[in-house]
Each structure stands twice: as structure tokens, then as C-alpha cells.
Amino acid sequence: EDHPRLLSSCCLSALCTNMQDPSADTEWNDVLRAKGILPPKPQEAEVTEDQLVGMVEDAIQKQTQGKQIEDMTLDELEALEDEEDERILLDYRHQRMAEMKAFSVKAKYGSVLEITAHEYVKQVNEAGEGVWVALHLYRQGIPLCALINKHFDAIASKYPATKFIRSISTTCIPNYPDHNLPTIFIYFQGDMKGQLVGPITFGGMNLTQDELEWMLHEKGVVKTDLEENPFKKRKIRDVMTASLKKHRDAEDSDDSDD
């Protein structure tokens with residue numbers, strides 16, 4: 001009689017044997033990495049300024065064969081400069097291509113996915129290694145929910161490495177109260193990392209796409225390219241509006257006195 005653990009080991013061995021390239025960027029390998037069967041894929045390191053300087057210095061040493069730069073002629077220096085410029089640019093191009101390839105592997109979403117309750121585990125808890133998920137619970141007929149759905153579409157297109165999904169609240173969570181809508185749940189590798197709940201959290205119908213993007217950035221979902229918190233502009237605008245209203249009210253009061 002075969003021992004269950006022995007069968008399990010044999011199956012695992014067969015899987016690993018049939019897998020041609022464990023380092024390949026395939027959905028099957030992603031599943032094995034998420035289950036801990038394969039180790040995490042190493043990240044491509046960015047070329048730093050110090051590394052570029054080191055590359056130049058090493059190349060110069062090889063090219064000059066130990067000859068000091070101050071001892072070289074102008075022609076020798078010009079030839080060396082042309083060769084090293086080309087070499088550095090080529091190395092940097094290769095590095096950038098590797099970085100772009102790594103990003104393209106992650107950038108596999110780019111749109112908002114509508115899910116039902118039975119798809120929750122697959123799309124959220126089993127999203128995969130290194131995947132951020134933003135889930136919007138909404139209900140039709142609530143204007144702020146419709147606004148966030150609109151912003152979600154634009155932000156999802158801007159950050160295709162993040163999974164953006166939405167679901168009708170009661171479809172995903174039975175009896176979920178409407179006064180908690182809109183709600184955004186934040187997940188990373190299947191674990192909840194944060195939540196944004198209720199209309200007050202979002203600041204009502206004045207919520208802009210940049211403001212929502214900044215809120216998601218603060219939760220870690222995206223790395224925004226916005227240079228400053230857009231809510232600061234709203235505060236300035238609110239102060240100016242209040243001041244203008246106060247001034248108009250004062251003028252109206254003066255006119256009524258006359």
C-alpha cells in the first residue's frame with residue numbers, strides 16, 4: 001500500500017521534473033511561488049549612479065591597459081571617450097530593457113474587474129505574490145459610488161500592476177449596510193491592509209481622481225506620480241469660497257440696511 005506522504009512527494013517531484021524553467025514568468029510558476037513550492041523570483045536591481053561610475057572606471061582601466069589618463073594624447077582621449085560612451089549607453093539600455101520586462105510581467109491588469117461572491121477568494125485571497133488589490137463595494141443609485149467607479153477606471157488604466165476590482169456590496173457581503181458605502185478594501189498578497197469606509201471618508205461628491213489616487217497611494221496600493229497632496233488644494237479652495245461667501249453676505253446685509 002502506497003503511503004500518502006510518499007505519493008505526495010512523488011507528485012511534487014513529477015511536477016518539478018516536468019517544469020522546464022522554474023524561473024520563467026508563467027501563471028503556473030506564480031501559483032507554485034505563492035504556495036511556497038518555488039522560491040520568490042529575484043528582483044531586477046536598478047543601476048545606481050555609483051555602479052555607473054564603477055563601470056566607467058573599470059572599462060577605462062581595461063581600455064588604457066594601466067596607462068594614466070593624464071599621460072594620454074588628445075587623440076587617445078577622444079577615441080576612449082567615444083568607445084566608453086557607447087559601452088555605457090549599451091549597458092544602460094540592457095538594464096532598462098530588463099526593468100521594462102519585469103514591469104510588463106506585473107502590468108497585466110489595466111482595467112476594473114467586476115466580481116461576484118464566489119469569485120472573491122480567487123480574485124482577492126489568491127491574487128498572487130506581490131499583488132496589491134483594491135476592491136470597491138458599491139450599490140447602483142448612489143452617486144458617490146458611481147463617481148468612484150469612474151475614478152477607478154482611470155486609475156486602473158494608469159497603474160496596470162495593481163488589480164482593481166468592484167462588486168455590488170450585497171452581492172459580495174450579504175446585508176452590507178448602505179451607510180458604509182462607498183467602501184474600498186485594500187489587500188496585499190491576500191491579506192487586508194486597509195479600508196476606506198463611508199462618504200465622509202471620501203469627502204463627498206467633490207472627490208477628484210487625484211484625491212482618490214492619493215488616498216490609495218497612502219494605503220500602499222499605488223506609487224503615485226503626484227508631487228503633493230491634492231487635498232491641500234481643496235482646503236485652499238474651501239477657505240477662499242468661505243471667505244467670498246462671507247464677503248457677499250456682508251454686502252447683502254449692508255444693502256438691506258439701506
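Trainee: What makes the contact between aspartate 225 and lysine 158 a salt bridge in this predicted model?

Mentor: The closest N and O atoms of aspartate 225 and lysine 158 are 2.9 Å apart, and the rule asks for a Lys or Arg side-chain nitrogen within 4 Å of a carboxyl oxygen of Asp or Glu, so the pair qualifies. Aspartate 225 sits in the loop between H9 and helix H10 (231-257), whereas lysine 158 is in helix H6, and the two are 67 residues apart.

Trainee: Why is aspartate 225 called exposed?

Mentor: Its relative accessible area is 53%, and exposed means over 50%, so aspartate 225 meets that condition.

Trainee: Which class does lysine 158 belong to, buried, exposed or partly exposed?

Mentor: Lysine 158 has a relative accessible area of 34%; because buried means under 20% and exposed over 50%, lysine 158 is classed as partly exposed.

Trainee: How do you know that lysine 158 and glutamate 213 also form a salt bridge?

Mentor: Their side chains meet with an N to O distance of 3.2 Å, which is within the 4 Å of the rule, and the pair is therefore counted as a salt bridge. Lysine 158 lies in helix H6 and glutamate 213 in helix H9, so this salt bridge ties together parts that are 55 residues apart in sequence. Glutamate 213 has a relative accessible area of 0%, and because buried means under 20%, this residue is buried.

Trainee: What makes the pair of aspartate 178 and arginine 139 a link between distant parts of the chain?

Mentor: Aspartate 178 is in the loop between helix H7 (169-172) and S4, arginine 139 is in the loop between strand S2 (132-138) and H6, and the two are 39 residues apart. Their side chains meet in a salt bridge at 2.9 Å, N to O. Aspartate 178, at 35%, and arginine 139, at 33%, are each partly exposed by relative accessible area.

Trainee: How do you know that S4 and strand S5 are paired?

Mentor: DSSP has to find at least two bridges between two strands, and S4 and S5 (residues 191-197) have six in the antiparallel sense, so they count as paired. Isoleucine 184 stands opposite leucine 196 in S5. The two strands form a hairpin with two residues between them, and glutamine 189 in the turn has a positive phi of about 55°.

Trainee: Which residues touch the most other members of the largest nonpolar core?

Mentor: Of its 20 residues, they are Ile148, Phe152, Phe164, Ile184, Phe202, Leu212 and Leu216. Helix H6 (143-158), strand S4 (183-188) and H9 each supply at least two residues of this core, and H6 gives the most, with six.

How values were computed
Residues numbered from 1 in each chain as written. Predicted model: local features only at pLDDT ≥ 70, side-chain atom pairs only at ≥ 80, totals over all residues. Heavy atoms only, no water. Core = buried A, V, L, I, M, F, W, Y, C linked by side-chain atoms within 4.5 Å. Buried < 20%, exposed > 50% of the residue type's maximum accessible area, 1.4 Å probe, protein only. Helix = DSSP H or I, 4+ residues; strand = E, 2+ residues; numbered from the N terminus.
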